[in-house]
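Visitor: I should like to take a close look at a single part of this protein. Please begin with that part and then place it in its surroundings.

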Amino acid sequence: MTEIEIKARVADPVATETAIRAFAEFERETTKRDEYWGLDGPGDFFTKVRVRDEDGVPTVTYKRKETRGDIEEIAEREFTVSDRSALECLLADLGFAVYVKKEKRTKTFGYRARGGNPVTVELSLVARLGWFVELEILADDPDEGEIGRAEADLRETLAKCGVPESAIERRFYTEMLSALGDGDAGSGD
């Protein structure tokens with residue numbers, strides 16, 4: 001599965017949520033607590049996995065990310081585990097270590113864009129970083145045409161949220177959190 005997504009900073013979360021509720025259907029509210037485990041390799045190579053706790057279920061995600069301007073294209077592999085401590089022991093034995101933590105309080109909405117794509121709209125408070133809106137379309141092995149249509153749908157949806165394109169954030173959350181220094185992004189609101 002490939003995620004085609006865009007995220008933007010939100011200056012006024014109340015106004016943005018009001019705008020979203022005018023066109024999208026509320027689905028759920030959740031808190032996502034992520035640990036990013038990394039393994040340094042030769043040269044610039046860096047392997048990482050995310051271990052997420054959401055609703056008491058530990059989920060492991062491995063992503064291959066590519067950015068095209070403002071759009072992130074992410075090929076993702078994901079699975080749940082029944083024993084988080086065993087997973088953490090395995091990762092540590094393989095040489096991985098936690099390099100950044102992230103906590104995200106999220107309200108999720110669903111919407112079908114004019115182009116026909118189902119869009120997931122998330123309004124999130126990311127600890128230490130602030131408010132963001134994330135828009136995502138899922139596709140199976142998309143071609144350039146599908147990616148272009150998805151990008152148009154995402155930009156149209158962003159406008160419906162009342163968020164200007166100038167607020168688009170091109171950096172990954174892990175980059176922004178790592179730049180803050182201490183690596184523990186889960187210890188505050």
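Visitor: Which strand gives the most to the lining of the largest pocket, and with how many residues?

Guide: The model is a predicted one, and the answer in it is strand β4, residues 57–68, which contributes six residues to that lining. The pocket itself has a volume of about 640 Å³. Its lining comprises 32 residues, and those nearest the centre are Glu-3, Arg-50, Arg-52, Lys-63 and Glu-76. By character, the lining residues divide into 20 charged, seven nonpolar and five polar.

The loop that precedes β4 also deserves attention. Between β3 (46–54) and β4 lies Asp-55, a residue other than glycine whose phi is nonetheless positive, at about 60°. Most residues other than glycine have a negative phi. Asp-55 is exposed, its relative accessible area being 58%. A second case of this kind is Arg-128, where phi is near 75° although the residue is not a glycine. Arg-128 belongs to the loop between β7 and β8, and with 31% relative accessibility it counts as partly exposed.

The strands on either side of that second loop lead to the interior. The largest nonpolar core holds 26 residues, among which Ile-20, Val-133 and Leu-135 touch the most other members. At least two residues of this core come from each of β1 (2–9), α1 (13–23), β6 (97–112), β7 (118–126), β8 (130–139) and α3 (144–160). Val-133 illustrates how these parts meet: beyond its neighbours within four places in sequence, its contacts include Ile-6, Ala-8, Ile-20, Val-121 and Leu-158. Charged residues also appear among the contacts of Val-133, namely Lys-7 and Glu-122, and Val-10, Cys-161 and Val-163 complete the set.

The chain as a whole provides the setting for these details. It has four helices and nine strands, which follow one another from the N terminus as β-α-β-β-β-β-α-β-β-β-α-α-β. Of contacts between residues at least 6 apart in sequence, 66% link residues at least 24 apart. Of the 189 residues, 46% count as buried. The accessible surface amounts to about 9800 Å², and carbon and sulfur atoms account for 48% of this area.

Note on methods
Residues are numbered from 1 along each chain as its sequence is written. This is a predicted model: local features need pLDDT of at least 70, side-chain atom pairs count only at pLDDT 80 or more; totals for chains, interfaces and linings use all residues. Side-chain values use heavy atoms; hydrogens and water are left out. Buried means under 20% relative accessible area, exposed over 50%, partly exposed in between (1.4 Å probe, protein chains only). Contact means heavy atoms within 4.5 Å. Accessible areas come from the Shrake-Rupley method with a 1.4 Å probe; for residues, only the protein chains shown count as cover. A nonpolar core is a set of buried Ala, Val, Leu, Ile, Met, Phe, Trp, Tyr and Cys residues joined through side-chain atoms within 4.5 Å. On a 1 Å grid over the protein atoms alone, a cavity is a set of points where a 1.4 Å probe fits but cannot get out, and a pocket is an open set with protein on both sides within 12 Å along at least five of seven lines; lining residues have an atom within 4 Å of a point. Grid points are joined across faces, edges and corners, and a volume is the space filled by probe spheres set on the points. Ala, Val, Leu, Ile, Met, Phe, Trp, Tyr, Cys and Pro count as nonpolar, Asp, Glu, Lys and Arg as charged, and the others, Gly among them, as polar.
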